[in-house]
Amino acid sequence: MISKRENYLMAAQGEKPLWVPSFVEESNVFMPDFWMAVDPATGTDFCNIRWVENDAGRMPDEHWRAMETLDQWRETVKFPKVAELDWPEMTERFKRMSDPEKVNIAMLNTNGIFLIPIDMIGWVDGLCAIYEEPEELEAFISAITDFLVEVVNYFGEYIQPDIVFTGDDLAAANGPFVSKEIWRSLYKPYFKRIVDAIHKIGALAEFHCCGNCQFLIDEFLEIGVDVCQLPELNESLMQKKEKYGNKLVLTGGWDRHSAAALPGASEEIVRESVHQAIDDYGKNGALIFWDGGICGSSEDSQKKMKWVLDELNKYGRVVYQ
Amino acid sequence: MSKIEEVKAKVEIGKTKLVPALVQEALDEGSTPAMILQAMVDSMGVVGDKFSKGEIFVPEMLIAAKAMAKGVDVLRPLLAGDSETSLGTCIIGTVAGDLHDIGKNLVAMMIESAGFTMVDLGVDVPAEKFVEAIKENERVTLVACSGLLTTTMPALKEAVQTIKAAYPDQKVIVGGAPVTPEYAAEIGADGFAPDAGSAAVKAKEIISV
């Protein structure tokens with residue numbers, strides 16, 4: 001019998017594992033402390049972003065602006081000094097909490113070169129900067145990339161993860177925020193640097209985007225992304241899956257806009273949604289199941305998560321036998 | 001090309017630095033503030049249409065809206081008190097339990113560009129707050145409720161039904177990733193728009209302009 005880690009990595013490498021692995025249940029997740037650390041006086045993080053949180057997650061406070069103008073990023077952002085972080089202590093804590101049977105995922109970031117400038121000055125000014133202050137924006141993107149690459153190197157030295165997870169919401173539910181031309185000229189070279197750094201430490205690169213950025217899948221694969229966490233399912237994703245087969249490894253598969261996602265969905269519908277996810281996106285492997293979209297602590301969400309996991313443990317265990 | 005045509009063209013491609021001067025030149029040329037405003041509204045209609053068709057993306061739409069806003073700044077003192085140029089007030093917000101603001105902000109910009117006066121209640125807005133805002137503001141012709149999470153769809157329903165209970169004739173549109181035209185109709189909304197560009201079109205259609 002193989003371990004959960006080995007099974008997970010088979011799927012992550014585009015193979016057909018023995019069972020459908022679960023992103024939530026079969027991974028140990030490490031995240032460096034600095035992402036959640038806030039200044040007690042202002043309640044802001046190292047980018048001077050103030051966050052608001054509710055049951056469904058956290059978002060930048062729309063009433064708070066981290067800086068007035070983009071050119072103030074140099075004095076506003078206090079990148080943590082990566083070499084001075086207590087890596088041995090963080091590593092020890094992670095190892096203590098980890099299950100050696102599971103795969104090790106290091107979370108590099110959930111907002112990055114695309115989202116951080118926007119989180120700091122808002123969507124309007126953040127996106128207008130692409131046209132209004134392209135040089136300043138690129139200088140900031142470059143500095144964020146340098147920081148993230150340095151963090152990846154420390155992951156390699158201390159955590160030695162199987163997978164490094166990097167997230168940036170380049171798209172909304174109904175489509176990408178930027179054109180392919182902007183992606184290629186402004187963002188792609190920096191994403192590639194991050195992916196290259198991840199490969200250099202011997203880990204697989206997983207990229208997350210909440211929205212529909214299916215039109216960039218070709219580009220993600222080109223820069224070497226190994227696993228795409230794309231919870232926004234649609235016909236376009238299905239077509240890409242058909243085109244690439246197991247070269248396109250997905251974390252997700254569960255349709256967060258289906259009848260199963262609606263509040264009050266029946267147990268039968270929710271259980272069926274797990275079959276649908278696996279049959280549609282993982283019938284030959286290369287799928288790590290994730291029910292991205294069931295969030296919050298409501299009774300409805302809790303029930304759904306229980307049914308989904310239970311069905312994953314039943315159907316997901318036999319589907320490849 | 002006349003100055004007013006130049007204003008129209010430059011708004012469409014988001015030339016924020018050029019538009020204010022061009023608006024002033026169009027005024028000097030004899031165009032009325034209302035004519036210039038209408039030209040910019042028409043430009044934004046084109047921009048919204050291109051966005052809906054996927055020909056342009058969010059940054060291109062935003063810089064166009066920003067360029068128009070710069071032009072409106074020049075016109076504002078001349079338009080003050082001219083209620084005929086406004087389509088009324090639109091109250092907008094993301095419903096209770098939902099912190100997402102991008103969709104709501106884009107829709108707000110496009111509806112404003114169509115000629116409405118916007119009152120943005122922000123995110124995580126309880127149903128009653130929409131009702132209070134209708135009461136507190138003058139000439140509210142439209143309420144726009146946004147929700148991104150499937151889990152907050154009941155809050156969207158509650159918002160629409162609370163507004164309709166207090167103001168049965170109040171026009172309400174809804175939008176957001178999980179919302180479908182069928183769901184919008186089911187919860188009693190007057191309209192639905194799949195994106196910011198079509199939200200502006202729908203807003204005008206609903207209030208019968």
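**Exercise 1. In this predicted model, work out how H4(A) passes H5(A): in a left-handed or a right-handed crossing?**

Solution, step by step:

1. Start with the hand: H4(A) passes H5(A) in a left-handed crossing.
2. Next, locate the two helices. H4 covers residues 115-132 of chain A and H5 covers residues 134-159 of chain A. Their axes come within 9 Å and cross at roughly 135°.
3. Now classify the angle. Because the crossing is at roughly 135°, H4(A) is oblique to H5(A); roughly antiparallel would need an angle over 145 degrees.

**Exercise 2. Find which residues make the contact between H4(A) and H5(A), and sort them by class.**

Solution, step by step:

1. From H4(A), take A:Ile116, A:Pro117, A:Met120, A:Ala129, A:Ile130, A:Tyr131 and A:Glu132.
2. From H5(A), add A:Pro134, A:Leu137, A:Phe140 and A:Ile144.
3. Sort them: ten are nonpolar, none is polar and one is charged. The charged one is A:Glu132 of H4(A).

**Exercise 3. Keep A:Tyr131 and A:Glu132 in view, and describe the second largest pocket that they help to line.**

Solution, step by step:

1. Begin with the volume: the second largest pocket holds about 270 Å³ of space.
2. List the lining. Besides A:Tyr131 and A:Glu132, chain B brings B:Ile13, B:Gly14, B:Lys15, B:Thr16, B:Lys17, B:Leu18, B:Ile63, B:Lys66 and B:Lys70.
3. Assign helices. H4 of chain A and H4 (58-79) of chain B each supply at least two lining residues, and H4(B) gives the most, with three.
4. Finish with the classes: this lining has four nonpolar, two polar and five charged residues.

How values were computed
Residues are numbered from 1 along each chain as its sequence is written. Chains are lettered from A and ligands numbered from 1 in the order in which they are written. This is a predicted model: local features need pLDDT of at least 70, side-chain atom pairs count only at pLDDT 80 or more; totals for chains, interfaces and linings use all residues. Side-chain values use heavy atoms; hydrogens and water are left out. Axes are lines fitted to C-alpha atoms, for helices over the stretch in contact, and angles run from 0 to 180 degrees between N-to-C directions. Helices (H or I, at least four residues) and strands (E, at least two) are DSSP runs, numbered from the N terminus. Angles under 35 degrees count as roughly parallel, over 145 as roughly antiparallel, 65 to 115 as roughly perpendicular and the rest as oblique. A crossing is left-handed if the near helix is turned anticlockwise from the far one by less than a right angle, and right-handed if clockwise. Contact means heavy atoms within 4.5 Å. On a 1 Å grid over the protein atoms alone, a cavity is a set of points where a 1.4 Å probe fits but cannot get out, and a pocket is an open set with protein on both sides within 12 Å along at least five of seven lines; lining residues have an atom within 4 Å of a point. Grid points are joined across faces, edges and corners, and a volume is the space filled by probe spheres set on the points.
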